[in-house]
Amino acid sequence: MQSLRAAQKLVKQEKNSRLQQIGEKILEGKRINFDEGVILFEEASLPFAGTLANYVREKLHGDKTYFNRNFHIEPTNVCVFACKFCSYSRLYAHKEEGWELTSDEMLNIVKKYDGQPVTEVHIVGGVHPKMNLQFFAELIRKIKLHRPDLHVKGFTAVELDYMFRKAKMTVEEGMRFLHDAGLDSMPGGGAEIFHPEIRQQISDDKVNAEGWLNIHKTAHKLGMQTNATLLYGHLEKYWHRIDHMERLRQLQDETHGFNTFIPLKFRNGDNEMSNVAESSIVEDMKMYAVSRLYMDNFPHLKAYWPMLGRQNAQLSLNFGVNDLDGTIDDTTKIYSMAGSEEQKPALSTAELVNLIKQVKREPVERDTLYNVVKNYNDEVEVAWN
Ligand code: V47
Ligand code: SF4
């Protein structure tokens, strides 16, 4: 394997003995520890971390790069919480500035995709006190009645924690209730940075690390798979990132219920942390590489291209990433005519397939649980832009 030879050569030539030891461990398939994770962030060059991460990526997945045809429902952007990094929500006190969808309006969004080959609906939004557990259970039942085979991935641990507490249910009771209504899996949002030193500064009023982890653990115990995120590139130090990953890695050792780890790049537009500079591309790629090396029990590493940009998402496929996410919408071609990259909120499947092929990787459409829907490698390239 070419990536193995490249990694072996780099490790052999490395002058920093601590990095060399870390590299040797990774080549032997051994787990790196907390301090070694921090050393990788602080001392490794991007090529060193990246080459090792690419070796691990190719050992696990070869060139396969997954994507999923899904659509989003955002029930509301009104939120009782006030995370400083959030550009999306409107405070409950100013709820007239936000939107709230009824369950029929949300069902109509699902119906818009009738006959389209989507496999998943991702439901996520602000935390609205009037949208309670019963409301969402009813919504999920309606969706399943209309389209039983559509996978419902919904609600961050932040939304669930609030719903369960309002309903006066334990986490287990609440999770069972939604699972019985048809909730299939959970996204990874709301994790941010677990360590209280940072969490208290950026989102001090929502569920804490222990609460977030307990909700995911309970979901795993009920047989549901979930994802995990980390919001990086703001106030945190490298060790806070490793602390976050360590807590996730420990839970994964116990439950094996996580599918995908998703580092999310902090974007500073239009929020209370606009004074904080965004991370560089080099820093972004290093984040992916160290994530791939540290999260050795997470099968997948995902880049969320709307936050990262398309070209950087392509680049990330050489730094450990094997999954690309973001809206794929073959029904909104209008955007591709509308102008700039930033204004275009969706990619068509053909565009995403080409993005992956341009960097010589193998595009594979998957469902939520990583069952292969279609391998696009043998198709002729489709011209675009
Ligand atoms: O938890 C909010 C993040 C997350 C900003 O599980 C921001 O498949 C950057 O978790 N800059 C929600 N990030 C999105 C999310 C997600 C996305 C795609 C796939 C999956 C999945 C999960 O968005 C929040 C927060 O960490 N976020 N504001 C910002 N200014
Ligand atoms: Fe924004 Fe979510 Fe925080 Fe609400 S809980 S303010 S929607 S990041």
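**Domain contact, a helix pair and a ligand shell**

In this predicted model, 22 residues of domain 1 are in contact with 30 residues of domain 2. The two domains divide the protein chain, with domain 1 covering 2–60 and domain 2 covering 64–375. Taken over C-alpha atoms, the centres of domain 1 and domain 2 are 29 Å apart.

A pair of helices deserves a closer look here. Two packed helices can be described by the angle between their axes together with the distance between those axes. For helix H3 (residues 34–43) and helix H11 (residues 238–255), the axes come within 9 Å and cross at roughly 140°. Angles over 145 degrees would count as roughly antiparallel, and those from 65 to 115 as roughly perpendicular; H3 and H11 are therefore oblique to each other. Their crossing is right-handed. On the H3 side, the contact is made by Phe 34, Gly 37, Val 38, Phe 41 and Glu 42. H11 contributes Tyr 238, Trp 239, Arg 241, Ile 242, Asp 243, Met 245 and Glu 246. Sorted by character, the residues of this contact comprise 7 nonpolar, 1 polar and 4 charged.

Turning to the ligand, the surroundings of ligand 2 can be read off residue by residue. Its shell includes three cysteines, Cys 79, Cys 83 and Cys 86, along with Phe 81 and Phe 85. Ser 89, Gly 126, Val 158 and Lys 206 also surround ligand 2. By character, the shell around ligand 2 divides into 6 nonpolar residues, 2 polar and 1 charged.

Notes. Residues are numbered from 1 along each chain as its sequence is written. Chains are lettered from A and ligands numbered from 1 in the order in which they are written. This is a predicted model: local features need pLDDT of at least 70, side-chain atom pairs count only at pLDDT 80 or more; totals for chains, interfaces and linings use all residues. Side-chain values use heavy atoms; hydrogens and water are left out. Axes are lines fitted to C-alpha atoms, for helices over the stretch in contact, and angles run from 0 to 180 degrees between N-to-C directions. Helices (H or I, at least four residues) and strands (E, at least two) are DSSP runs, numbered from the N terminus. Angles under 35 degrees count as roughly parallel, over 145 as roughly antiparallel, 65 to 115 as roughly perpendicular and the rest as oblique. A crossing is left-handed if the near helix is turned anticlockwise from the far one by less than a right angle, and right-handed if clockwise. Contact means heavy atoms within 4.5 Å. Ala, Val, Leu, Ile, Met, Phe, Trp, Tyr, Cys and Pro count as nonpolar, Asp, Glu, Lys and Arg as charged, and the others, Gly among them, as polar. A residue is near a molecule or strand if one of its heavy atoms lies within 4 Å of it. Domain bounds come from an automatic or database domain assignment.
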